[in-house]
Every structure is written in structure tokens, then in C-alpha cells.
Amino acid sequence: MIENRNNQKIGAAILFVGFALLFFILFSRVLFIQATGKADGHELKNEALEKYRRTDVLEAKRGTIYDANNEVIAEDTSSFTIAAILDASVTTDQKEPNHVTDPEKTAKVLAKYLDMEEVEILKRLKKDGDPFQVEFGSAGRGLSNSVKRKIEDENLPGITFIRQAKRFYPNGKFASHLIGFTQQIEEEGKDGKITFETEGQMGIEKSYEKYLKGKDGKIRYTSDLWGYLLPDRHEMVAEPEDGNDIYLTINSKIQTFLEDALNEVEAQYDPSKAFAIVAEAKTGKILAMSQRPTFHPGTREGLDVNWMNDLVEYSYEPGSTMKIFTLAAAIEEGVFNGEETYQSGTYQVGPNRVRDHNGGAGWGEITYAEGIQRSSNVAMAKLLEKMTPGVFRQYLEDFHFGQKTGIQLPNEASGSILYNFPLEQVTTSFGQGTTVTAMQMIQGATAIANNGKMMKPYVIDKIADNETGDTIINVEPEVVGEPISKKTADETLDVLETVLTAEEGTGKTYQIEGYDVAGKTGTAQLVGKDGKYLTGASNYLFSFMGIAPKDDPELIVYVAVAQPKLENESGSAPVSRIFNPVMRNSLQYLNVKPAENIVSKTVELKDFTGEKTFKAREAYEKYGVDPVIIGTGNKIVKQVPAAGEKMLQGEKAVLLTSDNWTMPDMTGWAIRDVMKITEIVGLKLSYSGTGYVISQNIETDSVLKEGQKLIVQLEQQGNMEEANEKAKEDSDQPR
């Protein structure tokens, strides 16, 4: 018994000593950690701070793209990604929960605002694995501020939003292949966190990515377990550097003229392709460019039909528009004599025979001037023979065919000069075999329109710092060659004018009232998938290159339409429906005065804004000007023409009053007067025909609204039915 007690005491002593030793060790460890702040070589304080330290990205604003008038074409706006917090531990007050408490109700409400089925939303809200939060894929991204506010008004617990920048294109389908679009590229970081990087995918957005992109900033801060900011927090912020702004040479007004014309031709003729460029003749500035099919840069709708920018990436046989450059070369070499005659019809090239476009029948012995007017292939072959193929080959290089223009848009094609054999040399002279791009054609045409000096086409006017507005890059007009002399350029324009004015001219359809236009038609064969030329009346690329005014060129407009669905019409019909209104509207918008045959007295208007309406009317009548009053207000708020501008006596001037704008009867008006109404009220104009107004879509005395579309039909005075029939007879066959 005594022995057992002694053993118990010894055991208790040993146990006491063991516990005391363990306590001493633990106590010493705690004292050491408290004193040093270290454990196993780790700085515990720093690691604790790091555990609750958060780093968030401060997104840089992508640069804005402006047109020539400083109107926004592409800009960043706020969008939101919706997320649902599922972890109940974030809720500290059950009366105001911070997580989703009713998945069924939440799914039902969100289905009203998201492009997602209710059952799919509910499936995500009940996701296995107890995730902290879930998102809703593409349906939950890119939400507008208005949609965000509507969801917030539903007071759904656990629903939160993440702000993101979204690219906004206010004009929709507007020079889309030129501007391009951006896309959110998904990236996974080392910590498994998904982020989205905005990148330009085509056009200006891609080519000038390094200028537009900017540099994201960062913010580091301490938070609680759930990521909420702690009081007395310390923050470290690296501010973002926003992207630079780009100013284009594109003029939104002229671009709209072009887009509207392309829309109408696309709707009426359903071509496989249609494209056009408007350029400033003396500088090479691109004022408008577009194509069909096109797409919406915001939604990408239509992008699957044609990704390619046809104006710089598509190389094709130009057809008879190439004769412009053959003619210029022949004039420069002194071998073109418009009065000299030749035998039209056919031309022998070794074992091969080149034919004129009327099946080789020709028009007998005609002058070279008439050969140009009739678009004779044989005339080109004979001019080539006169100046020799080697000399013409050098002119092709001098006009920079077979070379990229360097316009700095993605994937620019160079085209190719097919010139190895005699037949290829001859066919190149009238636009077959050798391939070009539309931008090359514009570049070459600037030499004809600009006294022999060839200008590099460009679409960027300047790049400016987003914050300071300081110019980083300023683009100036650049002469890239002088393939012909001023004398040759002038003579070439004179000859090309007769293509539109001569009885035999193939370009009569392209005449514009009040303006002298020089130009050339073209009809190029298209190659099928089997490598052979297509057959059939519509299987051509119909085109026209026009320069106006002829004596002092301001604009070059190049239009091409491929495979339009024609019904008893020539290929010039859809092309002229683009060229004529675009050239005419653009010249008038730029205040290029039409040629006037009648000398009238000019008057200079004073400023009548703020004046009583009746006083302004009386003053205008004293000027000898026909006043058109828009509205019934008693004060004038705007006048067109503006104060200080000169106008002819008898011409219409428009005065806008303060109230009740209504549409006047414009029957018999000239188009320049119609444009005064559209300018002063802010209407969108579309018209067809030439001459004077015979119909309008907005009824007389109906209320006018800014942005409303006005469509008018014009007609020449006289027997229009007879004139139309004659134009149809004279219209060109495939050339």
C-alpha cells in the first residue's frame, strides 16, 4: 500500500515537471515571438498585413477618336458586370443581408434584365462548392448604367456590380472597317483571378493601339476578411495614364452622305461588294470611306460577312478607270493627239486579239479623243505601242502601282503589275490583269487633280495628349511623287471631262448640275473560284473615278459596285446613285460654288439673330433676297446663310424662329436651297435626280424635329421621260 502511494507521488511529480517544462517552453516561445515578431524566420506582422492587403486595378481610359470637326466617333463609357455574393459569412446583420438569401426570387427578377434564362441564372445561384460569388458570363457583362440602376431598384440582397470601361460608337455603322472595334480579352493571373484587357481588333483601333491604350494604375489598401475597407486604412495609389486622342481627317457630314448612298444602293441592288472613297484633291486627306457589306462596331453584327477592309486590303482588276493613267502617260510622252484617227474594233497581239467592248465591232475609224470618250480598248493598245511598253511600265511605277500607299491601316495590299508578256502589257493599259487597291487609285488620281504632284492618302490628322491636349503627332500632306507635269495634268482633265459631256461619252450619267466633272467609267471582269472570268451582265465590278470641279479640283470620289442585281439597267446605274449625290452634296457642303452663267448682284447679310421676325423679313426683302421663315416665333434664333456671307439677289435665305418649326413647300426649289433648311433645322438629307424639287417626304406644314430624315426627288425642267429614255440608250455596256 505504502509502495503504491510512493509510486503515485513519483508519477505525479514527473507529470508536474513535464507540464511545467511544456508550459515554460510555450511561454518562452510566446515571449520570443512577442519580442521579435518572427516565427520560423517569417515576419508575422508583414504576413498578416499581406493577408488583408488588396490590390485593385485603376483602369486607364482609352483614347477618344474624333472626326475632322471634333465630333466623337469612338469613346469609352462606363459599363458594369453583375455578380452575386453567395457566402453567408459576409452578412453581419440578418435584417440587412449582404448575400443572396432567396435564389428563386433573385433568378426570376434578374431574368427580366439579363439575356439569360431564369433556370440558368438559378443554376448559377445554387452552384456547388460553396463559392464566395458567381458571375453570369457574357450576359452579365457590358450592362449600361440604366440597366444597373433598374436592378438596384429591385433591392436584391447579395447583388453587386463591377465597373468596367466599354467602347461606345455613337454613329453605329459608320466607317466601321476604318475605325475598327475593341474586344475584352480574358486573362488569368498567377493567383487564378480573371481579368479583362481591352484590345483593338481592326482598323484605327488596332493600328494605333499603343497610342489609344493608355496604362492602368493600381490601388493597394488593407481590408477585412471579406474585402471591405478598414477604418484608418493606408492606401497607396498609382494613377492611371489615359490613352491619347486621335483626330481623323474623316468629315462626319461627308461620311454620312456616303453611308446613306451606300445604304440605298445596297437595299436596291444587293451587290456582293460596294465601296467608295472621298478624298481632298490637293492634300490626299480621306474625307470619307466606307463599304458594303459592313458591320456595327458596338455589336459586331455583320462582321462575319466581311472582315476585310476592301478599300486597302482587296486587290482587283480596275477595268477602264486605269485608262486615266494610260492617257496621262501618253500625253506626257507627247504621243496623244486627240484629232488623230485610228481604226477601232480589234488589235492584234501576237496570236491574240484585243477587242473593243462592243464585241470587237468598233465604231470604224475614229479620233483618239472619241476613243477615250467611248472607252476604247484598242485606243489604249495603240497608245501603248506609240510610247512603248517599257516606258509605260515606268509610269506604272511612278504612279506607285504595285506598291503599298503606306496609309498605316492593317493588312494593306500592294496589288501586282502583270506585265511579263505582250498581251499582259496591252491588257494592263486598259485595266485587265494587273491588280490595284482602291486607295492606290485615289493616290494616283491626286497627281491628275493636283498639277502632277501625287499626294499620299492619309486618315490621321493628329494625335493629342488626353490630359493636356498637346499634339504628339501632327500629319501634314506629303508629296510622294510627280509622275506627270502640270500641263499634262490639265490636259488629262480636259480630255476626261469630255467622257461626261461628249455625245459618245460613257460617263454622261455622272454629270452634276452646276459643276464640271472630269472622270472615267470602268467595268472590270471578276474572277470566279475556278480562276476563270465570270460571265453574265451583272458579273462585273462597275466603277467611276470622278474629279471636280475640273478647272480647280477640290474632291476626288471613287466608287465601285460588284455584281449588282440589275433589271434592264446598265452597271452605271448603282454607281451613279452613289457618286452623284455624294459628290454634289460634298461640294455644296464645302461651299464650293457651282458655275454660274447668269451674273447677279451679290449682297452681304447682317446678323439678325435676336431681332423681331417681321423686321428681319422686311430687311431681307429690301436686300432683294427671298426670305423663308421657319416657325411662328416672334424672334430670330438662327439664319442661313450666316451673317457676313455673300449671296445672290433672288436667292433664298432661311430664318429660324423661336417656336413651332414646320416644313415649307419646297416644290421647285434648287438643292442648295433645300440644304439651307436641313442645315438650320438639323435634318438628315437624302435626294435623287438632278434639277429642282418635285416631291418631298415630309408634308408641308408638318412639325419638324432635329435629326429627322428629309428625302426629296429632283427633276430637270422639260420632258424628263424623253431625257431618261435617251440616257438609258446612251448608258455604257460593260467597259
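In this predicted model, the axes of helix H18 (residues 572-589) and helix H20 come within 11 Å and cross at roughly 65°. That angle makes H18 roughly perpendicular to H20, and the crossing is right-handed. On the H18 side the meeting is handled by Arg584, Asn585, Gln588 and Tyr589, which come up against Ile671, Arg672 and Met675 of H20. Sorted by class, this contact has three nonpolar, two polar and two charged residues.

H20 itself covers residues 671-681, and Thr678 sits within this helix. Thr678 counts as buried because its relative accessibility is 8%, below the 20% cut-off. Once neighbours within four places in sequence are set aside, Thr678 is left with contacts to Leu683, Leu685 and Leu710.

A second helix pair turns up much earlier in the numbering, with H3 spanning residues 103-110 and H4 spanning residues 118-125. Their axes come within 8 Å and cross at roughly 140°, so H3 is oblique to H4. That label follows because roughly antiparallel is kept for angles over 145 degrees. As for handedness, H3 and H4 make a right-handed crossing. H3 brings Pro103, Glu104, Thr106, Ala107, Lys108 and Leu110 to the contact, while H4 puts in Glu118, Ile121, Leu122 and Leu125. Broken down by class, the residues of this contact are six nonpolar, one polar and three charged.

Next comes helix H17, which runs over residues 486-501 and has 16 residues. From first C-alpha to last, H17 reaches 23 Å, close to the 22 Å expected at 1.5 Å a residue. Its buried residues are Thr488, Ala489, Thr492, Leu493, Val495, Leu496, Glu497, Val499 and Leu500. The cover over these buried residues comes from both helices and strands: it includes helices H11 (323-332), H12 (368-373) and H16 (438-449), along with strands E23 (518-525) and E24 (540-548).

Between H17 and E23 there is a loop, and Asp516 lies in it. With a relative accessibility of 35%, Asp516 counts as partly exposed. Not counting residues up to four places away in sequence, Asp516 touches Glu497, Ile547, Ala548, Pro549, Lys550 and Asp551. One of these partners, Glu497, also appears among the buried residues of H17, and another, Ala548, falls at the end of the range given for E24 (540-548). As for Pro549, 33 residues separate it from Asp516 along the chain, yet the two C-alpha atoms are 5.2 Å apart.

Met308 is another loop residue, placed between strand E14 (286-292) and helix H10 (310-313). Its relative accessibility of 31% puts Met308 in the partly exposed class. Leaving out neighbours within four places in sequence, Met308 is in contact with His177, Gln291, Glu313 and Tyr314. Pro410 is 102 residues away from Met308 in sequence, while their C-alpha atoms are 9.7 Å apart in space.

Zooming out to the whole protein, there are 21 helices and 33 strands. Of its 735 residues, 47% count as buried. Taking contacts between residues at least 6 apart in sequence, 69% join residues at least 24 apart.

Key. Residues numbered from 1 in each chain as written. Predicted model: local features only at pLDDT ≥ 70, side-chain atom pairs only at ≥ 80, totals over all residues. Heavy atoms only, no water. Helix = DSSP H or I, 4+ residues; strand = E, 2+ residues; numbered from the N terminus. Buried < 20%, exposed > 50% of the residue type's maximum accessible area, 1.4 Å probe, protein only. Contact = heavy atoms within 4.5 Å. Axes fitted to C-alpha atoms, helices over the stretch in contact; angles between N-to-C directions. Parallel < 35°, antiparallel > 145°, perpendicular 65-115°, else oblique. Left-handed = near helix turned anticlockwise from the far one by under 90°. Nonpolar A, V, L, I, M, F, W, Y, C, P; charged D, E, K, R; others polar. Expected span 1.5 Å × (residues − 1).
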